[in-house]
Amino acid sequence: MYFRGFRKMVEGPIGSRRVISTLPHLCNRIKQTESEIVQMFRLSTPKGETPNLPTNRSVSQKNRSVRTLDERFIRILKIFKWGSDAEKALEVLMLKVDHRLVREVLKIDVETNVKIQFFRWAGKRRNFEHDSTTYMALIRCLDEAGQVGEMWKAIQEMVQGTCLISPVDLSEIVKIMGKAKMVNKALSIFYQIKGRKCKPTASTYNSIILMLMQEGHHEKVYELYTEMCNEGNCFPDTVTYSALISTLGKLGREDSAIRLFDEMRENGLHPTARVYTSLMGIYFKLGRVENALGLVQEMKEKRCPPTVYTYTEIIKGLGKAQRVEDAYSIFMDMLKEDCQPDVVLINNVINLLGRAGRLADAIKLFEDMESLHCTPNVVTYNSVIKALFECKAPTSEAVSLFERMKSNGVIPSSFTYSILIDGFCKTNRVEKALLLLEEMDEKGFPPSPAAYCSLINTLGKAKRYEAANELFQELKENCGSSSARVYAVMIKHFGKCGRLTDAVDLFNEMKGLGCSPDVYTYNALMSGMVRGGMIDEAHSLLRTMEENGCVPDLNSHNIILNGFARTGGPQRAMEMLTKMKNSKMQLDAVSYNTVLGCLSRAGMFEEAAKLMKEMHLNGFEYDRVTYSSILEAVGKIDEVRAHTTP
C-alpha cells in the first residue's frame with residue numbers, strides 16, 4: 001500500500017511528470033525520499049565496521065539464503081500484512097525465497113492468516129516448491145492457532161503432493177491430529193502415506209496406537225499391533241508393549257495382557273515401571289494379589305525403581321482386597337525409600353484409612369502433608385470430611401474442616417456438598433442438610449442427584465413423604481429427569497407408605513424417559529408389592545428383571561422369599577430357597593431366618609431343625625426371635641402331649 005502510493009506520487013499524470021522534471025530541486029527531493037525508503041529496508045552495518053560486500057554472484061546468493069529475517073521486514077508484515085509492500089521489502093532486503101526463509105516467516109509473531117497468504121504466494125514462485133519441512137512448519141503453526149480446518153487442508157495437500165514424507169513427520173502429523181480429535185482422518189492419512197510415501201517405523205505405529213488409546217478406540221489398537229508385526233521389518237518396542245498391555249487390561253482381556261508381558265521379556269525387552277504398574281493393576285483386578293506384590297519384588301531385583309504411580313496402584317489394589325495394614329505399611333516403606341508422594345497417592349491412603357475406621361491415622365497424614373511437600377486439594381478435604389462422618393466423629397469437626405477448606409482457598413465441589421448433606425442426614429440434622437442444599441444452589445452448582453437422594457431417603461424414613469416428594473419433583477424440574485437411584489428411593493418410600501400406584505407410575509415414568517431401572521429400583525418396587533400383598537406380581541417382576549438383562553442380587557431373591565414366607569406358605573418358600581441354592585447364589589442369614597420363621601409358624605419343627613443345622617454348618621446365627629418362638633412352640637406341644645398321654 002505504501003509503495004503503491006509512493007509510485008503513484010512519483011509517476012503521476014504524464015503532464016505533471018514533465019513539470020516536475022523541469023524543477024531540479026523537486027527532482028533531487030524525490031530521489032532523496034526514494035533513497036531513504038530503500039535505506040529503511042537495508043540491513044544495518046554496525047558502527048565502525050565495513051560491510052562485507054559480495055565479490056561474485058554465487059557468494060551473494062549464498063549469503064541471502066542464510067540471512068536471518070530482518071526486524072524491519074517483520075515490522076512490515078505486522079503493519080501492512082502480506083501484499084505488494086511486503087513483496088517489495090523482500091526485494092529491497094535481498095531475501096531469497098527458499099525453504100529456510102519460508103520456515104523463518106512461519107515462526108514469527110504475526111497473524112496466522114498472513115502466514116497462510118505468504119505460504120501460498122511462495123508456493124507459486126518460479127523455481128520453488130514446498131517440501132515436507134515447510135509443510136510441517138505450516139501445520140505446526142495452524143495447530144498452535146487452533147485453525148483445524150486450514151490444518152486439515154494443508155495435511156491433505158502435503159500428502160497428495162510430490163514431497164517426500166519421513167516416518168518422523170508422519171508420527172508428528174498423527175500426534176497433532178490426535179490432539180485435535182481427528183482420529184478417523186489421522187488413520188486415513190496414515191494409510192495413504194504408508195501406501196505411497198514412506199515405510200512406518202515402530203515409532204510411527206506407536207503414535208497411532210497411543211492416539212487410539214487416548215481416544216478410547218481400544219479394539220483398533222490390537223489390530224494395529226497385528227499389522228505392525230506382519231510388516232516384517234517393524235518390531236514392537238517397549239512403548240508398544242506398554243500401550244498394548246494397558247489397552248488389553250481395559251478391554252478385560254487380562255490373559256492376553258499377561259501373555260504379552262511374557263512375550264516382551266522373551267524378546268529381550270526390559271519392562272519399564274509403567275509396564276509393571278499396568279500389569280499390577282491387572283493382577284489386582286483378577287484378585288491375584290500375591291502376583292501383583294511379586295512384581296514389586298521383581299522391579300527391585302531388576303533395578304527398576306517403583307514410581308509414585310506404581311505405589312498408587314499397589315495401595316489401591318490392596319485397599320480393594322481389604323488389606324489395609326499391608327497398604328499402609330507399603331506407604332510408610334515408600335516414604336523411607338525417599339519416593340516423593342503426590343496428592344493423588346495421599347488422597348488414596350486417606351480414603352483407605354477412613355473406610356477402615358482408622359480416623360486418627362487419616363487425620364495425621366492430612367496434617368503431615370505440608371512436611372511431605374504436598375498441598376491438599378478438594379479431593380483431600382472431601383476424603384477427610386467423609387472419613388469423619390463414616391467414623392461417627394462429631395459433626396462440628398466436619399463443619400470446622402469445611403470452613404478451613406474455604407479459608408485456605410480450596411473451592412468446595414458439588415461432591416463436597418453431597419458428602420456434607422449425606423453426613424448431616426445420617427446424623428438426623430435434616431434442617432442443616434436442607435440449608436446446605438440451598439447454599440449449593442446459590443453457589444451455582446447444578447443439582448446433585450446424590451444430595452437429593454440422601455435428603456429424600458432421610459425424609460422418607462421420618463415419614464415426611466410429602467416433603468420427600470416435593471424435593472423429588474424439584475430435582476426433576478431442575479434436571480429435566482433424575483437418576484435411577486433417586487427414583488429407587490422415591491419408589492421405596494411410596495411402597496412403604498402404601499402408595500403403590502404412585503410407585504408403579506414412577507417406575508413406568510422413568511422407563512419412558514429412557515432411564516433404565518437398575519437392581520435397586522426393581523428391588524424397591526418388588527418390596528412395595530410384597531408389602532402390599534402383591535406377591536405373584538412381585539415374582540413376575542423378578543422374571544421381567546432377568547429378561548431385561550438386569551441381574552437380580554441376593555436382596556432381590558430375599559424380597560420374594562419373604563413374600564412367599566408371609567403369604568405363600570412354607571412349600572413355596574422352601575422351593576424358592578432351593579432354587580436360590582441351585583443357582584449357586586451365596587445365601588445369607590436373612591435367607592435362612594426368613595424360611596425358618598415360616599417353618600416355625602407352620603409348626604414344621606423337624607424341617608426347621610434340619611434348616612437350623614444347615615445354617616450352623618454354613619456359619620450363620622439363628623434369629624433370636626424365631627428361635628425363641630420355635631422353643632416356645634415345641635414346649636407347648638410337649639406340654640399338650642404330657643396332658644393327653646394316658
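**Exercise 1. The second largest cavity**

Task: Find the volume of the second largest cavity in this predicted model, and work out which residues line it.

Solution:
- Start with the volume, which is about 30 Å³ for the second largest cavity. The structure holds two cavities of 30 Å³ or more.
- Next, list the lining of the second largest cavity: I350, N351, G354, R355, S383, K386, A387 and E390.
- Then place these residues on the fold. Two elements give two or more residues to this lining, namely α21 (343–355) and α23 (378–390).
- Finally, sort the lining of the second largest cavity by character: two residues are nonpolar, three are polar and three are charged.
- As background, rolling a probe the size of a water molecule over the atoms shows where empty space is left.

**Exercise 2. The overall build**

Task: How many helices and strands does the protein have, and what percentage of its residues count as buried?

Solution:
- Count the secondary structure: the protein has 36 helices and zero strands.
- Turn to burial, where 44% of the 646 residues count as buried.
- Look at how far apart contacting residues sit in the sequence. Of the contacts with a separation of 6 or more, 61% join residues 24 or more positions apart.
- Close with the surface: the accessible area of the protein is about 35000 Å², and carbon and sulfur atoms account for 51% of that.

**Exercise 3. A glutamate at the start of a helix**

Task: Is E254 buried or exposed, and which side chain does its own side chain meet in a polar contact?

Solution:
- Locate the residue: E254 belongs to helix α16, which covers residues 254–266.
- Check its accessibility. E254 has a relative accessible area of 12%, so it counts as buried, the cut-off being under 20%.
- Look for a partner: the side chain of E254 makes a polar contact with the side chain of K285, at 3.2 Å.
- Fill in the surroundings. Setting aside residues up to four places away in sequence, E254 touches L248, G249, I282, K285 and L286.

**Exercise 4. An asparagine inside a helix**

Task: Which residues does N206 touch, not counting residues up to four places away in sequence?

Solution:
- Begin with the position, which is in helix α13 (residues 202–214).
- Read the accessibility: N206 is buried, because its relative accessible area is 6%.
- List the neighbours. Beyond residues up to four places away in sequence, N206 touches M228, D237, V239 and T240.

**Exercise 5. Positive phi outside glycine**

Task: What is the phi of K181, and what is that of D338?

Solution:
- Recall the background: most residues other than glycine have a negative phi.
- Take K181, which is not a glycine but has a positive phi of about 65°. K181 lies in the loop between α11 (167–179) and α12 (183–196). With a relative accessible area of 58%, K181 is exposed.
- Move to D338, also not a glycine, with a positive phi of about 60°. The loop between α20 (324–336) and α21 holds D338. D338 counts as exposed at 70% relative accessibility.
- Add K81, which follows α5 and has a positive phi near 65°.
- Step back into helix α5 (residues 71–80) itself, where the buried residues include R72, F73, I74, I76 and L77.

**Exercise 6. A loop aspartate and its contacts**

Task: Where in the fold is D553, and with which side chain does its side chain make a polar contact?

Solution:
- Place D553 in the loop between α32 (535–547) and α33 (554–582).
- Classify it: D553 is partly exposed, with a relative accessible area of 28%.
- Find the polar contact, which runs from the side chain of D553 to the side chain of N523 at 3.2 Å.
- Widen the view to what D553 touches, leaving out residues up to four places away in sequence: V519, N523 and M585.
- Compare sequence and space. D553 and Y520 are 33 residues apart along the chain, and their C-alpha atoms are separated by 9.2 Å.

**Exercise 7. A leucine and its neighbours**

Task: What distance separates the C-alpha atoms of L293 and M280?

Solution:
- Find L293 in helix α18, residues 289–301.
- Read off the distance: the C-alpha atoms of L293 and M280 are separated by 7.8 Å, and the two residues are 13 residues apart along the chain.
- Finish with the contacts of L293 outside its neighbours within four places in sequence, which are I314, L318, R323 and I330.

Definitions and conventions: Residues are numbered from 1 along each chain as its sequence is written. This is a predicted model: local features need pLDDT of at least 70, side-chain atom pairs count only at pLDDT 80 or more; totals for chains, interfaces and linings use all residues. Side-chain values use heavy atoms; hydrogens and water are left out. Helices (H or I, at least four residues) and strands (E, at least two) are DSSP runs, numbered from the N terminus. Buried means under 20% relative accessible area, exposed over 50%, partly exposed in between (1.4 Å probe, protein chains only). Contact means heavy atoms within 4.5 Å. Accessible areas come from the Shrake-Rupley method with a 1.4 Å probe; for residues, only the protein chains shown count as cover. On a 1 Å grid over the protein atoms alone, a cavity is a set of points where a 1.4 Å probe fits but cannot get out, and a pocket is an open set with protein on both sides within 12 Å along at least five of seven lines; lining residues have an atom within 4 Å of a point. Grid points are joined across faces, edges and corners, and a volume is the space filled by probe spheres set on the points. Ala, Val, Leu, Ile, Met, Phe, Trp, Tyr, Cys and Pro count as nonpolar, Asp, Glu, Lys and Arg as charged, and the others, Gly among them, as polar. A polar contact is a pair of N or O atoms within 3.5 Å; within protein, one must be able to donate a hydrogen and the other to accept it, and residues adjacent in sequence count only if both atoms are side-chain atoms.
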